[in-house]
Amino acid sequence: MQNSNRLVRVQQDQMIAGVCTGLAQYFAFDVTLVRLAFVLVTLAGGSGILLYIILWAVLPVVTAPGLPSPGINSGIDEMRNQAANVFNKVKTAVNNAQASNASTAVPQSDWKFDPQTGQPINPTPAQPEKPRFDPYTGQPLND
């Protein structure tokens with residue numbers, strides 16, 4: 001690992017935006033330890049995500065060795081583009097899941113459980129009305 005004299009984002013070994021790789025090179029740590037530290041800080045208090053996003057926007061990116069790209073605007077534009085890509089991937093996945101569920105949906109008449117309560121539905125078949133008899137005389141009752 002090289003000890004860089006400038007804190008930058010490195011796209012060479014990036015997972016999301018190269019922030020952890022840049023921090024690892026700057027402080028001469030293993031990148032896995034830096035990533036693990038971000039996960040632990042996120043799980044401990046939630047500030048890891050906020051810190052990552054701030055560093056993503058503020059740190060310049062190195063596209064070629066020794067040539068950082070200028071300004072914060074490139075970081076914000078990159079965040080916007082990556083967020084749009086993630087949104088499109090999620091939208092496609094949801095649409096594909098809905099399409100596959102629609103084609104394999106079970107008609108409501110075949111349901112065995114109530115969808116709201118989860119209780120089993122026991123349909124009672126229509127039975128013909130039995131004739132009623134007087135219990136004392138045994139004579140049929142006419143209603």
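**Figure 1. Thr21 is a buried residue of helix α1 in this predicted model.** The relative accessible area of Thr21 is 4%, and Thr21 therefore counts as buried (under 20% relative accessible area; exposed is over 50%, and partly exposed lies in between, with a 1.4 Å probe and protein chains only as cover). Helix α1 comprises residues 19–27; helices (H or I, at least four residues) and strands (E, at least two) are DSSP runs, numbered from the N terminus. With residues up to four places away in sequence left aside, Thr21 touches Val10, Asp13, Gln14, Val31 and Arg35, where a contact is a pair of heavy atoms within 4.5 Å. Residues are numbered from 1 along each chain as its sequence is written. Because the model is predicted, local features need pLDDT of at least 70 and side-chain atom pairs count only at pLDDT 80 or more, whereas totals for chains, interfaces and linings use all residues, and side-chain values use heavy atoms, without hydrogens and water.

**Figure 2. Helix α1 is mostly covered.** Seven of the nine residues of α1 are buried, namely Val19, Cys20, Thr21, Gly22, Leu23, Ala24 and Gln25. The cover over these buried residues includes β1, α2 and α3.

**Figure 3. The largest nonpolar core has twelve residues.** Its members are Ala17, Val19, Cys20, Leu23, Ala24, Val31, Val34, Phe38, Tyr52, Leu55, Trp56 and Leu59. Such a core is a set of buried Ala, Val, Leu, Ile, Met, Phe, Trp, Tyr and Cys residues joined through side-chain atoms within 4.5 Å. Two or more residues of this core come from each of α1, α2 and α3, and the largest share, four residues, is supplied by α1. Val34 touches Cys20, Leu23, Ala24 and Phe29, not counting residues up to four places away in sequence.

**Figure 4. Ala28, in the loop between α1 and α2, has a positive phi.** The phi value of Ala28 is near 60 degrees. Most residues other than glycine have a negative phi. Ala28 follows α1 and has 43% relative accessibility, so Ala28 counts as partly exposed.

**Figure 5. A nonpolar surface patch includes Leu33 of helix α2.** Leu33, Leu36, Val39, Leu40 and Leu43 make this patch of about 520 Å², with accessible areas from the Shrake-Rupley method (1.4 Å probe; for residues, only the protein chains shown count as cover). Patch residues have over 30% relative accessible area and no salt bridge (a side-chain nitrogen of Lys or Arg within 4 Å of a carboxyl oxygen of Asp or Glu); nonpolar side chains (Val, Leu, Ile, Met, Phe, Trp, Tyr) are joined within 5 Å, and like charges within 9 Å. Helix α2 covers residues 31–45. Leu33 is exposed because its relative accessible area is 52%.

**Figure 6. Helix α3 agrees with its expected span.** The end C-alpha atoms of α3 (residues 47–58) are 16 Å apart. This agrees with the 16 Å expected for twelve residues, because the expected span is 1.5 Å times one less than the number of residues. The buried residues of α3 are Gly48, Tyr52, Leu55, Trp56 and Ala57.

**Figure 7. Gln11 and Val62 have C-alpha atoms separated by 6.6 Å.** Along the chain, Gln11 and Val62 are 51 residues apart. Gln11 is placed in the loop between β1 (9–10) and α1, and is partly exposed, with a relative accessible area of 32%.
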